[in-house]
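Reader: Hi! I'm in my first year and still learning how to read a protein model. Could you pick one part of this one, take me through it closely, and then show me how it sits in the rest?

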Amino acid sequence: MPCNVESASLEPKNGNKFIAAGEDMWIHMFDFHTGETIGCNKGHHGPVHCVRFAPEGESYASGSEDGTIRIWQTVPSVHEHDTSLANGPDGKVKGTTDEVAWKVGNIHISEGGESKEK
């Protein structure tokens with residue numbers, strides 16, 4: 001691995017890629033079968049302590065010591081005519097405040113730290 005890894009997550013739908021992150025503040029995406037790097041995102045200003053794929057593998061979230069949580073899109077937007085949810089030039093998912101609030105409002109964090117959609 002390119003750095004000390006603090007968290008990793010396997011893409012749950014097909015299991016063909018995984019992400020890993022840690023001290024270097026980058027989120028690295030790898031091909032599960034070959035181990036080759038297939039992507040990399042940076043947006044945090046501190047070590048990344050947690051990464052987790054969404055249930056369908058269409059995006060993943062990363063949490064950092066800098067106090068931020070970022071959501072990264074892994075596939076093209078399903079809203080082909082509506083680019084409001086497409087990745088911006090910096091790799092961050094764009095969306096309106098209402099869209100983000102609705103999505104976050106549908107997630108419940110249990111005492112064990114596992115997130116579940118309502």
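Author: Happy to! Let's start with one side chain: that of His44 makes a polar contact with the side chain of Thr68, at 3.0 Å. Please keep in mind from here on that this is a predicted model. A second polar contact joins the side chain of His44 to the side chain of Ser62, this time at 2.7 Å.

Where would you find His44 in the chain? Look at the loop that connects strand E4 (37–42) to strand E5 (48–53). You might then wonder whether His44 is buried or exposed. Its relative accessibility is 1%, and buried means under 20%, so His44 counts as buried.

The surroundings of His44 are worth a slow look. If we set aside the residues within four places in sequence, His44 is in contact with Met25, Ile27, Ser62, Gly63, Ser64, Asp66, Thr68 and Arg70. Ser62 and Thr68, the two polar partners, appear in that list.

Met25, another name from the list, has a story of its own. Met25 sits in the loop between strand E2 (17–22) and strand E3 (26–31). Its phi is positive, about 70 degrees, although Met25 is not a glycine. With a relative accessible area of 24%, Met25 is partly exposed, whereas His44 is buried at 1%.

Now let's widen the view a little. The UniProt record, an unreviewed entry, carries the annotation "repeat: WD" over residues 41–73. How much of that span is strand, and how much is helix? The model gives 58% strand and 0% helix for residues 41–73, and the C-alpha atoms at the two ends of the span lie 10 Å apart.

Further along in the chain we meet a pair of rings. A general point first: two aromatic rings are described by the distance of their centres and the angle of their planes. The whole structure holds four aromatic pairs. In one of them, the ring centres of Tyr60 and Trp72 are 6.5 Å apart and the planes meet at 25 degrees, so the pair is stacked, since the cut-off for stacking is under 30 degrees. Tyr60 belongs to strand E6 (residues 59–64) and Trp72 to strand E7 (residues 69–73), so this pair ties together parts that are 12 residues apart in sequence. Both rings belong to buried residues: Tyr60 has a relative accessible area of 2%, and Trp72 stands at 0%.

Being in a strand does not settle how covered a residue is, as another residue of E7 shows. Ile71 is also found in strand E7, yet its relative accessible area of 45% makes Ile71 partly exposed. Ile71 and Phe53 are 18 residues apart in sequence, with their C-alpha atoms 9.5 Å apart in space.

Other rings gather elsewhere: ring pairs link Phe18, Phe30 and Phe32 into a cluster. Asn16, in the loop between E1 and E2, touches two of these residues. Its contacts, not counting residues up to four places away in sequence, are Glu11, Phe30, Asp31, Phe32 and His33. From Asn16 to Phe30 there are 14 residues in sequence, and the C-alpha atoms are 8.7 Å apart. Asn16 is partly exposed, at 32% relative accessibility.

What about the cysteines? Cys40 is partly exposed at 34% relative accessibility, and so is Cys50 at 43%. A search of the whole structure turns up zero disulfides.

Finally, let's step back to the whole protein. There are one helix and nine strands, and from the N terminus on they run β-β-β-β-β-β-β-α-β-β. Of the 118 residues, 31% are buried, and His44 is one of the buried residues. The protein exposes about 7700 Å², of which carbon and sulfur atoms supply 54%. Taking contacts between residues at least 6 apart in sequence, 23% join residues at least 24 apart.

So, when you go back to the picture, begin at the loop between E4 and E5 where His44 lies, and follow its side chain to Ser62 and to Thr68.

Conventions. Residues are numbered from 1 along each chain as its sequence is written. This is a predicted model: local features need pLDDT of at least 70, side-chain atom pairs count only at pLDDT 80 or more; totals for chains, interfaces and linings use all residues. Side-chain values use heavy atoms; hydrogens and water are left out. Helices (H or I, at least four residues) and strands (E, at least two) are DSSP runs, numbered from the N terminus. Buried means under 20% relative accessible area, exposed over 50%, partly exposed in between (1.4 Å probe, protein chains only). A polar contact is a pair of N or O atoms within 3.5 Å; within protein, one must be able to donate a hydrogen and the other to accept it, and residues adjacent in sequence count only if both atoms are side-chain atoms. Contact means heavy atoms within 4.5 Å. UniProt positions are given in the numbering used here, feature names are shortened, and annotations may be inferred rather than shown by experiment. A disulfide is a pair of cysteine sulfur atoms within 2.5 Å. Accessible areas come from the Shrake-Rupley method with a 1.4 Å probe; for residues, only the protein chains shown count as cover. Rings of Phe, Tyr and Trp (its six-membered ring) pair if their centres lie within 6.5 Å; planes under 30 degrees apart count as stacked, over 60 as edge-to-face and the rest as tilted.
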